[in-house]
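Biologist: Could you give me a close look at one part of this model, and then show me how the rest fits around it?

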Amino acid sequence: MAKDHSEADLDRELEDLPPDLRWREWMRRIEAVLFASASPVPRDDLARVVGQGASVDLIIDDLAADLDGRSFELAKVAGGWLLRTRSAYTPAIRAAADVGEQDLDLREYDVAVLAAIAYHQPITRDGLKDIFGKEISRDLIGRLHARGLIGTGPRSPRRGAPYTYVTTDQFLTAFDLESLRDLPDREQLEDAGLAEG
């Protein structure tokens, strides 16, 4: 209810402003929403802070152009938009800021299991065992789950109804993917030497 009340108090149309100032204010609003959000913000949510006739996509384009040359950028990941620091500044941030648990710190094998889940989801631990030829530990699954990279999918229709695993929006954000369709295809993986032909 509080969300509906705050929307009712927000002058979305800004009809008292000239068109160029109205557009600039909508850009500022979207920037403020993205700045305040810890996760990607979907287009529909951004549309709540601008007028009826405003194109969120065009406002996003103008905002991205405004940020050109700045230390942070606008990124489209996990079905939404977010502001993030440009990767060129990662060493400076690590040297001076307390980023703690933000680093994924994944081992090569963890990444391989995560990739298998991403490409074959929903998948059970037995399905992962078939791919890797050995049992995948509950600890590894737990680490990926604790980092928010995987979640529990639907129960498998097999005997015992084992849990399945799927990737999350946090996975998409961490790997800079808008959706699972952005995962490299098998040919790209082979070209990069990450899969056998």
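Modeller: Happily: I will start with helix 2 and work outwards from there. A word on the ground rules: this is a predicted model, in which local features need pLDDT of at least 70 and side-chain atom pairs count only at pLDDT 80 or more, while totals for chains, interfaces and linings use all residues. Residues are numbered from 1 along each chain as its sequence is written, and side-chain values use heavy atoms, with hydrogens and water left out.

The chain has 10 helices and 4 strands (DSSP runs, numbered from the N terminus: H or I of at least four residues for helices, E of at least two for strands). Along the sequence they run α-α-α-α-β-β-α-α-α-α-β-β-α-α.

Helix 2 covers residues 19-36. Arg28 and Arg29 both sit in helix 2, yet they fare differently. Arg29 is buried, at 14% relative accessible area, whereas Arg28, at 48%, counts as partly exposed (buried is under 20%, exposed over 50%, partly exposed in between, with a 1.4 Å probe and protein chains only). From its buried position, the Arg29 side chain places a polar atom 3.1 Å from the backbone oxygen of Val49. Beyond its neighbours within four places in sequence, Arg29 is in contact with Leu10, Asp11, Arg12, Leu14 and Val49 (contact means heavy atoms within 4.5 Å). As for Arg28, its C-alpha atom is 8.4 Å from that of Leu63, although 35 residues separate the two along the chain.

Leu63 brings us to helix 4, where it is one of the residues that meet helix 2. Helix 4 spans residues 56-67 and packs on helix 2 at about 80°, the axes being 10 Å apart (axes are lines fitted to C-alpha atoms over the stretch in contact, with angles from 0 to 180 degrees between N-to-C directions). The two helices are therefore roughly perpendicular, a label for angles of 65 to 115 degrees. On the helix 2 side, the meeting residues include Trp23, Trp26, Met27, Ile30 and Leu34, and on the helix 4 side they include Val56, Leu58, Ile59 and Ile60. By class, this contact has 11 nonpolar, no polar and 4 charged residues (Ala, Val, Leu, Ile, Met, Phe, Trp, Tyr, Cys and Pro are nonpolar; Asp, Glu, Lys and Arg are charged; the others, Gly among them, are polar).

Further along the chain, helix 6 and helix 8 pack at about 75°, with axes 11 Å apart, and are therefore roughly perpendicular too. Here Tyr109, Asp110, Val113, Leu114 and Ile117 of helix 6 meet Leu140, Ile141, Arg143 and Leu144 of helix 8. That contact has 7 nonpolar, no polar and 2 charged residues.

Several of those names return in the largest nonpolar core, which has 19 residues; among those with the most contacts inside it are Val113, Ile117, Ile141 and Leu144. Such a core is a set of buried Ala, Val, Leu, Ile, Met, Phe, Trp, Tyr and Cys residues joined through side-chain atoms within 4.5 Å. Helix 6 (108-120), helix 8 (138-146) and helix 9 (169-174) each give two or more residues to this core, and helix 6 gives the most, with 5. A second, separate core of 18 residues includes Leu34, Leu46, Ile59 and Trp81. Leu34 and Ile59 are also among the residues where helix 2 and helix 4 meet, which brings us back to where we began.

Key:
Parallel < 35°, antiparallel > 145°, perpendicular 65-115°, else oblique. Polar contact = N/O pair within 3.5 Å; in protein donor to acceptor, adjacent residues only side chain to side chain.
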